[in-house]
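User: Please take a close look at one part of this model and follow its surroundings outward from there. A single connected account would serve better than a list.

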Amino acid sequence: MSEYLNDDDRVHALRTWWETNGTMLVVGLVLMIAAVIGWRWYNDHTQAREEAASATYQQYVEGRQRGAKSAELDAALATLDNEFGRSSYRIFTLFYRALDAASAEDYAKATQYLETAVKDANDDRLRDVARLRLARLQVQSGSADAALATLATVGGAGFRSYVAELKGDILMGQHKPDEAREAY
């Protein structure tokens with residue numbers, strides 16, 4: 001039928017279609033452009049935050065390696081705690097803090113750091129690493145039952161051998177050799 005239309009009829013049909021659908025077409029196009037720009041901005045913003053967290057963590061690690069003053073390390077830790085509280089880099093610093101506290105035999109502080117790591121970690125594997133370290137710390141501080149309860153919360157399949165070994169060691173320490181052999 002369109003082959004029998006003259007140019008004026010075609011222009012009129014196009015104008016009618018545009019009046020009916022033009023607004024929606026323009027709105028859809030604007031929304032699509034806004035979505036693409038928003039998505040790119042979000043990705044760039046996220047990457048910039050991750051890079052900043054990485055750089056701050058690198059400063060912290062380098063400061064630890066060269067024996068920097070406490071003020072320099074505390075500044076990096078404060079930045080990670082305040083600006084990048086949910087990043088993996090902060091969890092890594094919590095591991096270092098727990099190590100330092102355990103080395104100073106401040107087991108309560110070390111436990112607090114590891115419990116914070118368990119609570120704040122976004123990654124299940126990091127959470128399981130924190131739980132394993134917490135369980136080892138609990139054993140070291142004489143809380144074997146708490147350590148067994150902590151080990152029961154480790155869910156990663158890659159950690160089964162570590163959990164079994166530590167559970168066996170705890171049970172051997174409790175003079176339960178049959179249960180320990182089963183755990184091993």
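Analyst: Leu166 is a residue of helix 7, and in this predicted model Leu166 is buried, because its relative accessible area of 10% falls under the 20% limit. Once residues up to four places away in sequence are set aside, the contacts of Leu166 are with Leu132, Ala135, Arg136 and Leu151. A further reference point is Glu179, which is 13 residues from Leu166 along the chain, with 12 Å between the two C-alpha atoms.

Helix 7 covers residues 160–173, and a loop containing His175 joins it to helix 8, residues 177–183. The backbone at His175 has a positive phi of about 60°, although the residue is not a glycine. By way of background, most residues other than glycine have a negative phi. His175 is exposed, with a relative accessible area of 70%. A similar description applies to Glu105, situated in the loop between helix 3 and helix 4. Glu105, again not a glycine, has a positive phi of about 60°, and at 60% relative accessibility it counts as exposed.

Arg136, one of the contacts of Leu166, leads on to the largest pocket, since Arg136 is also among the residues of its lining. That pocket has a volume of about 200 Å³. Besides Arg136, the lining includes Phe95, Tyr96, Ala98, Leu99, Ala102, Ala110, Leu114, Arg133, Leu137 and Gln140. By type, the lining residues are eight nonpolar, one polar and two charged. Helix 3 (88–103), helix 4 (107–120) and helix 5 (124–140) each contribute at least two of the lining residues, and helix 3 makes the largest contribution, with five.

The three helices that supply the pocket lining can next be followed into the nonpolar interior. The largest nonpolar core comprises 16 residues, and Ile91, Phe95, Ala110, Leu114 and Ala117 are those with the most contacts inside it. Helix 3, helix 4 and helix 5 are the elements that give two or more residues to this core. Here too helix 3 has the largest share, with six residues. In general terms, nonpolar side chains tend to be buried together in soluble globular proteins. Phe95, Ala110 and Leu114 belong to the pocket lining and are also listed among the core residues with the most contacts. For Ala110, leaving aside neighbours within four places in sequence, the contacts are Ala98, Ala101, Ala102 and Leu137. Of these partners, Ala98, Ala102 and Leu137 also line the pocket. Apart from this core lies another one, of ten residues, among them Ala53, Tyr57, Val61 and Leu73.

A charged residue can be placed beside this nonpolar setting. Asp120 is part of helix 4 and is buried, with a relative accessible area of 11%. Not counting residues up to four places away in sequence, Asp120 touches Gly85, Arg86, Arg90 and Ile91. Ile91, in turn, is one of the core residues with the most contacts.

The aromatic side chains give a further view. The structure contains seven aromatic pairs. One of them joins Trp17 and Trp18, whose ring centres are 6.4 Å apart and whose planes meet at 45°, so the pair is tilted. Both tryptophans are partly exposed, Trp17 at 42% relative accessible area and Trp18 at 44%. In another pair, Tyr89 and Phe92 have ring centres 6.3 Å apart and planes at 80°, so the arrangement is edge-to-face. Because Tyr89 and Phe92 are three residues apart in helix 3, about one helical turn separates them. Tyr89 is partly exposed at 26% relative accessibility, as is Phe92 at 29%. Ring pairs connect Tyr89 and Phe92 with Tyr57 in a cluster, and Tyr57 is itself among the residues of the ten-residue core.

Helix 1 provides the last point of reference. Helix 1 spans residues 7–66 and includes Thr20, which is exposed, with a relative accessible area of 56%. Thr20 and Gln65 lie 45 residues apart along the chain, and their C-alpha atoms are separated by 69 Å.

Conventions: Residues are numbered from 1 along each chain as its sequence is written. Side-chain values use heavy atoms; hydrogens and water are left out. On a 1 Å grid over the protein atoms alone, a cavity is a set of points where a 1.4 Å probe fits but cannot get out, and a pocket is an open set with protein on both sides within 12 Å along at least five of seven lines; lining residues have an atom within 4 Å of a point. Grid points are joined across faces, edges and corners, and a volume is the space filled by probe spheres set on the points. Helices (H or I, at least four residues) and strands (E, at least two) are DSSP runs, numbered from the N terminus. Ala, Val, Leu, Ile, Met, Phe, Trp, Tyr, Cys and Pro count as nonpolar, Asp, Glu, Lys and Arg as charged, and the others, Gly among them, as polar. A nonpolar core is a set of buried Ala, Val, Leu, Ile, Met, Phe, Trp, Tyr and Cys residues joined through side-chain atoms within 4.5 Å. Buried means under 20% relative accessible area, exposed over 50%, partly exposed in between (1.4 Å probe, protein chains only). Contact means heavy atoms within 4.5 Å. Rings of Phe, Tyr and Trp (its six-membered ring) pair if their centres lie within 6.5 Å; planes under 30 degrees apart count as stacked, over 60 as edge-to-face and the rest as tilted.
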